[in-house]
Each structure stands twice: as structure tokens, then as C-alpha cells.
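This report goes through the fold and selected side-chain contacts of one structure. The sequence and the coordinates are shown first.

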Amino acid sequence: MIHSLFLVNASGDIFLEKHWKSVVSRSVCDYFFEAQERATEPENVPPVIPTPHHYLISVLRHRIYFVAVIQSEVPPLFVIEFLHRVVDTFQDYFGVCTEAAIKDNVVVVYELLEEMLDNGFPLATESNILKELIKPPTILRTMVNTITGSTNVGEQLPTGQLSVVPWRRTGVKYTNNEAYFDVVEEIDGTYTFDPVTKMLTWDVGKINPQKLPSLKGTMSLQAGASKPDENPTINIQLKIQQMAISGLKVNRLDMYGEKYKPFKGIKYMTKAGKFQVRT
């Protein structure tokens, strides 16, 4: 499935690579760099790039491209989901997923990638299991490992791998039995500003009239930055808690396989997809 993984920073440099089945030359990323140059925005690089002998499947998270190299056709969303899981795991372990954090914890990074894929196929991707296999790095643990020559790899098989629910350890008892599900929606919208009429238009679809939206913000440039275009385009991130723009509602939630009666709750959230301000 996945033969190699390359991590590319915002400058276009490959700062980490991992190979499973066979070593793939870095030159395969030239096809990715060509697509990157043609893209008008960093997030507009095609997620799937075919080459004569490989497929390049990538995601952009935290200004880092995670580029997987595939030699045969596989469901692209399967690989994309795995790449997002890799990013989430790094963020869970190191607090942030940045180039500096990855380089500072490069040994743990390779240990995690070795456990998450077995011969190119996903194996252990749940944080609950991985933290029993590989202990998260701490200052004290790093000092002990340096002195004793030991590693963060655990000596026992994670109990989560023996559970029918991989993200939950076996034999766990909770005082409060609760189950929450998140309903997250993404919206794509556009702000348009007419300099003649001085009118700002914000179109995000249907909004609950009892919770009227408001918009405010400022834009500042870094010191020494070049002057932007006369009518710049600004990307915006937004979240609306406890609201689904589409009006989607969950009327019933059933749970099976448990003898107790858990509390069940639903949380709604709307967040921006590709949201731009066009001045």
C-alpha cells in the first residue's frame, strides 16, 4: 500500500522521510513540486498526483505537506485519512505538529511511524494503543533514556489491541457512563466588499434568527512585508458552536452491546472550509 512518506516544509524542502517496503528516491517528489508551483494557493495542490510509476497522495496540515507514495491504485480517501491520523498523533504526542517539534522528537516520530504501518498497511492508529506501545516524550523520560540508553517503546502488548473497541482499554470502569457524538459541518462562503457603495456582503446560507451572527476583525502585516495588492483576498477561519448550518438534527441515538444505560448527547459545530474575504 504505502511505500514511503515524505514531509515537505513551506520552503519546499524534504526534512523527513520514511520507507516501509522499499526505498523510493526523493526525485519522485519532483512531480509534487511541479504541481505546487502551478497552484495559486498552498491548499490548492491536487491531493492525488499520478506519475509514471507511482501515485502521490498528500495533505497539508500546519504548513507541512505529508506526501505518501503509492505504487498501486488504492482508495485515496483511505490514505488521506491515515495521513490525517499521523498528524493528529504527532500533535497529541508533542503538543504541536511543526517542523521544529518533529525534528526535536525524530526518534519518537520514527517509532510511531513504524508502529502505525506494518509493511505499508495501517496497523495501530489509535492514540490509546500507541501511548501504551510508545510512551510520550517528557523531559524526565528523555534524561533517563539518555543516561540508561533505553527507549520509549513499551514492553507489554497494549490492552486496547485485545478489545473489540480499539480506542478503549479492556476492563475499564467509569463512574459516569456517557456517550457524546460530534456533528461537524464545514461551510464555504465569500465576503464581498463594494468600494463604491461601501457595502459588505456576507453569504453563509441559512442562519438561526435567534442567534444573529456578527463579523469584526483587523488585518495586520508583518514588519518588512511587501505591500499587498490593491484588492487582496484574505482566508478566514470561523467556528459556530452548537449549530449546524444545514439544519441537520439527530432525533435518536441508540447504543448496543452495553448492559448499563449511558447518557447520550450530541454536539453540533459549524466551521469554515475554504472561506475567503475578497476586498
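The text below covers the sheet, helix 2, the salt bridges, a surface patch and two contacts between separated parts of the chain. The model is predicted.

**Sheet and hairpin**

An open sheet is formed by 5 strands in the order 2-1-5-4-3, and the pairing is antiparallel. The edges are taken by strand 2 and strand 3 (48-50); each has a single partner strand, so one side of each is left without a neighbour in the sheet. From one strand to the next, the twist averages 20°.

Strand 1 (residues 2-8) pairs with strand 2 in the antiparallel sense, over 5 bridges. One point of reference in this pairing is S4, whose bridge partner in strand 2 is H19. The hairpin made by strand 1 and strand 2 has 5 residues between the strands, and G12 in this hairpin takes a positive phi near 85°.

Is strand 2 enclosed or open to the surroundings? Strand 2 spans residues 14-19, and 6 of its 6 residues are buried, so the strand is largely enclosed by the rest of the structure. Its place at an edge of the sheet leaves one side without a neighbour in the sheet; the burial count refers to cover by the rest of the structure.

**Helix 2**

Helix 2 covers residues 76-94 and has 19 residues. At 1.5 Å a residue the helix should span 27 Å, and its end C-alpha atoms are 27 Å apart, which agrees. The buried residues in helix 2 are V79, I80, F82, L83, V86, V87, T89, F90, Y93 and F94. An α-helix has 3.6 residues a turn, so residues three or four places apart point the same way. Just after helix 2, G95 takes a positive phi of about 85°.

Helix 2 also holds a salt bridge: the side chains of E81 and R85 meet at 3.6 Å, N to O. The two residues are 4 residues apart in the helix, which means a separation of about one helical turn. E81 is partly exposed, with a relative accessible area of 44%, and R85 is partly exposed as well, at 26%.

**Salt bridges**

How many salt bridges does a search of the whole structure find? The search finds 8. Three of them are listed here with their N to O distances.

| Salt bridge | N to O distance |
|---|---|
| K18 and E114 | 2.4 Å |
| E81 and R85 | 3.6 Å |
| R252 and D254 | 2.9 Å |

The side chains of K18 and E114 meet in a salt bridge at 2.4 Å. This pair links distant parts of the chain, with K18 in strand 2 and E114 in helix 4, 96 residues apart. K18 counts as buried, because its relative accessibility is 11% and the cut-off for buried is under 20%. E114 is partly exposed, with a relative accessible area of 42%.

The closest N and O atoms of D254 and R252 are 2.9 Å apart. D254 is partly exposed, at 35% relative accessible area, whereas R252 is exposed, at 66%. Elsewhere, E81, R85 and E126 are joined into one network by salt bridges that share partners.

**Surface patch**

V106, V107 and Y110 make a nonpolar surface patch of about 230 Å². V106 lies in helix 4, which covers residues 106-116. With a relative accessibility of 32%, V106 counts as partly exposed. Helix 4 is also the element that holds E114, the partner of K18.

**Contacts across the sequence**

Two further C-alpha distances relate residues that are separated along the chain.

N119 is placed in the loop between strand 6 (117-118) and strand 7 (121-122). At 46% relative accessibility, N119 counts as partly exposed. N119 and I2 are 117 residues apart in sequence, with their C-alpha atoms 8.2 Å apart in space.

F33 belongs to helix 1 (residues 30-38). Is F33 buried or exposed? At 18% relative accessibility, F33 counts as buried. F33 and V8 are 25 residues apart along the chain, and their C-alpha atoms are separated by 9.7 Å.

Terms used: Residues are numbered from 1 along each chain as its sequence is written. This is a predicted model: local features need pLDDT of at least 70, side-chain atom pairs count only at pLDDT 80 or more; totals for chains, interfaces and linings use all residues. Side-chain values use heavy atoms; hydrogens and water are left out. Buried means under 20% relative accessible area, exposed over 50%, partly exposed in between (1.4 Å probe, protein chains only). Two strands pair if DSSP finds at least two bridges between them. Patches are made of residues with over 30% relative accessible area and no salt bridge: like charges are joined within 9 Å, nonpolar side chains (Val, Leu, Ile, Met, Phe, Trp, Tyr) within 5 Å. Accessible areas come from the Shrake-Rupley method with a 1.4 Å probe; for residues, only the protein chains shown count as cover. A salt bridge is a side-chain nitrogen of Lys or Arg within 4 Å of a carboxyl oxygen of Asp or Glu. The expected span of a helix is 1.5 Å times one less than its number of residues. Axes are lines fitted to C-alpha atoms, for helices over the stretch in contact, and angles run from 0 to 180 degrees between N-to-C directions.
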